[in-house]
Amino acid sequence: MSHTAEWTVRLYLFEDEGTTKARAALEAGTTSLTGYGAAHCNPEDTDVREIGGELAAGRALHDLARQLVNAAEGDIEALGTSATSREAPSAEGWPM
């Protein structure tokens, strides 16, 4: 059974007085989720914008990933199967 789907994730970064905030918005057909992250620059640190963006974006994507895993586990349990009893498959061999 072959199936192809396209999901869109948009990543938004905002900077305001030493804080970088990120929002990762997923649109997947009828599903939409939003992850959030932030990074705060210590006033004594060297100002390197890329680091704040990387941290905030990574945290927003991590939050989004957690929500996706929770949604999948809920769907599995709704089918009457325990999500924790399943062994995680290897990512090896999955097309990129």
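L61 is partly exposed, with a relative accessible area of 39%. The residue sits in helix α1. It is a useful place to enter this structure, which is a predicted model.

**A patch on the surface**

L61 has company. Together with V9, L11 and L13, L61 forms a nonpolar patch on the surface. The accessible area of these residues together is about 330 Å². Which element gives the most to the patch? Strand β1 does, with three residues. The helix takes part through L61, whose place is in α1.

**The overall plan**

Now step back to the whole chain. The protein chain has one helix and three strands. From the N terminus on, the order of elements is β-β-β-α. The chain counts 96 residues, and 21% of them are buried. About 7900 Å² of the protein chain is exposed. Carbon and sulfur atoms supply 53% of that area. Contacts also tell something about the chain. Take those between residues at least 6 apart in sequence: 34% of them join residues at least 24 apart.

**The sheet**

The three strands form an open sheet. Its order is β1-β2-β3, and the pairing is antiparallel. The edge strands are β1 (8-16) and β3 (31-40), and each of them pairs on one side only. Neighbouring strands of the sheet are turned by 15 degrees against each other on average, direction ignored. As a general point, strands of a sheet pair through backbone hydrogen bonds, either parallel or antiparallel.

Start with β1 and β2. Strand β2 covers residues 19-28, and nine bridges join it to β1. The two strands run antiparallel. L13, one of the patch residues, has A22 in β2 as its bridge partner. R10 stands opposite A25, also in β2.

Move on to β2 and β3. Here 10 bridges join the strands, which again run antiparallel. One pair to look for is E27 with S32: S32, in β3, is the bridge partner of E27.

Both pairs of strands are hairpins. β1 and β2 form one with two residues between them. The hairpin of β2 and β3 also has two residues between the strands. Each hairpin holds a residue with a positive phi, as the table shows.

| Hairpin | Residues between the strands | Residue with positive phi | Phi |
|---|---|---|---|
| β1 and β2 | two residues | E17 | about 50 degrees |
| β2 and β3 | two residues | G29 | near 70 degrees |

How many of the 10 residues of β2 are buried? Seven of them are, so β2 is largely enclosed by the rest of the structure.

**The helix over the strands**

Helix α1 spans residues 49-78. It lies across β1, β2 and β3. Against β3, the helix runs at about 145 degrees.

One residue of the helix shows this packing in detail. D63 has its place in α1. Which residues does D63 contact, leaving aside its neighbours within four places in sequence? They are T34, G35 and Y36. Is D63 buried or exposed? Its relative accessible area is 16%, and buried means under 20%, so D63 counts as buried.

**One salt bridge**

The count of salt bridges comes to one. D63 is part of it, and R66 is the partner. The closest N and O atoms of the two are 2.4 Å apart. Both residues lie in helix α1. They are three residues apart, about one turn of the helix.

The two partners sit in unlike surroundings. R66 is partly exposed, with a relative accessible area of 41%. D63, at 16% relative accessibility, is buried. So the salt bridge joins a partly exposed arginine to a buried aspartate.

**Putting it together**

The picture has a few main parts. Three strands make an open antiparallel sheet. Two hairpins link them, one with E17 in its turn and one where G29 takes a positive phi. Helix α1 lies across the three strands. Within this helix, L61 belongs to the nonpolar patch, and R66 and D63 form the salt bridge.

Conventions
Residues numbered from 1 in each chain as written. Predicted model: local features only at pLDDT ≥ 70, side-chain atom pairs only at ≥ 80, totals over all residues. Heavy atoms only, no water. Pairing = 2+ DSSP bridges. Helix = DSSP H or I, 4+ residues; strand = E, 2+ residues; numbered from the N terminus. Axes fitted to C-alpha atoms, helices over the stretch in contact; angles between N-to-C directions. Contact = heavy atoms within 4.5 Å. Patch = residues over 30% accessible without salt bridge, like charges linked within 9 Å, V, L, I, M, F, W, Y side chains within 5 Å. Areas by Shrake-Rupley, 256 points an atom, 1.4 Å probe, with all protein chains shown as cover. Salt bridge = Lys/Arg side-chain N within 4 Å of Asp/Glu carboxyl O. Buried < 20%, exposed > 50% of the residue type's maximum accessible area, 1.4 Å probe, protein only.
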